[in-house]
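Work through the exercises below with the model open beside you. Try each task before you read its solution.

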Amino acid sequence: LAGCIETLTVVTPSEMVKIRMQTAQGKTSGALSSSSVFTVIRHIVQTEGVGSLYKGMAPTLVRQTTNQGCRFLMYGRVMDEMRQRDAENK
């Protein structure tokens, strides 16, 4: 649940800003070329609305949920293995 909330509030908007900044690199003109993060956010909100920061939310949610699930699963398994090895070495 925490991973989903993080995706909805932080990851999706930051991914949108990152993509916009990456696609604007190398362009000699335009509002987003060589702009700061806050300038890009302001431009997106003013020209397209707040909802546009959340475009592509579904694929990002799937990716983040999968990443968090794998991380949670592997963390538990690795910790169990480390505890077992530690107990064997005592």
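The exercises go from the overall fold to the core, the surface and the charged pairs.

**Exercise 1. The fold**

Task: State which elements the protein chain has and in what order they run.

Solution. Keep in mind that this is a predicted model. Step one: count the elements. The protein chain has three helices and zero strands. Step two: read from the N terminus. The order is α-α-α. Step three: look at the contacts between residues at least 6 apart in sequence. Of these, 62% join residues at least 24 apart. Step four: turn to burial and surface. Of the 90 residues, 21% are buried. The accessible surface is about 6,700 Å², and carbon and sulfur atoms hold 61% of that.

**Exercise 2. Helix 2 and its end**

Task: Compare the span of helix 2 with the expected value, then inspect the residue just after the helix.

Solution. Step one: find the limits. Helix 2 covers residues 37-48, twelve residues in all. Step two: take the span. From first C-alpha to last, helix 2 reaches 16 Å, close to the expected 16 Å. Step three: move past the end. G49 follows, with a positive phi of about 95°.

**Exercise 3. I44 and the core**

Task: Decide whether I44 is buried or exposed, and find the nonpolar core it belongs to.

Solution. Step one: place the residue. I44 lies in helix 2. Step two: apply the cut-off. Buried means under 20% relative accessible area. I44 has 0%, so it is buried. Step three: list the contacts beyond four places in sequence. I44 touches M16, V17, R20, G49, S52 and L53. Take M16 from that list: it is 28 residues from I44 in sequence, yet the two C-alpha atoms are 9.4 Å apart. Step four: assemble the core. M16, V17, V40, I44 and L53 form the largest nonpolar core. Helix 1 and helix 2 are the elements that give two or more residues to this core. Step five: check V17. Its contacts beyond four places are V37, V40, I41, I44 and L53. The general pattern is familiar: in soluble globular proteins, nonpolar side chains tend to be buried together.

**Exercise 4. A nonpolar patch**

Task: Find which residues form a nonpolar patch on the surface, and classify L8.

Solution. Step one: name the members. They are L8, V45, V50, Y54 and M57. Together they have about 360 Å² of accessible area. Step two: take L8, which lies in helix 1 (residues 2-24). Its relative accessible area is 34%, so L8 counts as partly exposed.

**Exercise 5. Salt bridges**

Task: Locate the salt bridges E15–R63, E48–K55 and R85–E81, and state what the E15–R63 pair ties together.

Solution. Step one: take the total. The count is six salt bridges. Step two: examine E15 and R63. Their side chains meet at 3.7 Å, N to O. E15 lies in helix 1 and R63 in helix 3 (residues 57-89), so the pair ties together parts 48 residues apart in sequence. R63 is partly exposed, at 35%. Step three: go to E48 and K55, which meet at 3.4 Å, N to O. E48 is partly exposed at 36%, and K55 is partly exposed at 48%. Step four: finish with R85 and E81, whose closest N and O atoms are 3.0 Å apart. Both lie in helix 3, four residues apart, about one turn of the helix. Step five: trace shared partners. E15, K18 and R63 join into one network.

Technical notes:
Residues are numbered from 1 along each chain as its sequence is written. This is a predicted model: local features need pLDDT of at least 70, side-chain atom pairs count only at pLDDT 80 or more; totals for chains, interfaces and linings use all residues. Side-chain values use heavy atoms; hydrogens and water are left out. Buried means under 20% relative accessible area, exposed over 50%, partly exposed in between (1.4 Å probe, protein chains only). Contact means heavy atoms within 4.5 Å. Accessible areas come from the Shrake-Rupley method with a 1.4 Å probe; for residues, only the protein chains shown count as cover. The expected span of a helix is 1.5 Å times one less than its number of residues. Patches are made of residues with over 30% relative accessible area and no salt bridge: like charges are joined within 9 Å, nonpolar side chains (Val, Leu, Ile, Met, Phe, Trp, Tyr) within 5 Å. A salt bridge is a side-chain nitrogen of Lys or Arg within 4 Å of a carboxyl oxygen of Asp or Glu. A nonpolar core is a set of buried Ala, Val, Leu, Ile, Met, Phe, Trp, Tyr and Cys residues joined through side-chain atoms within 4.5 Å.
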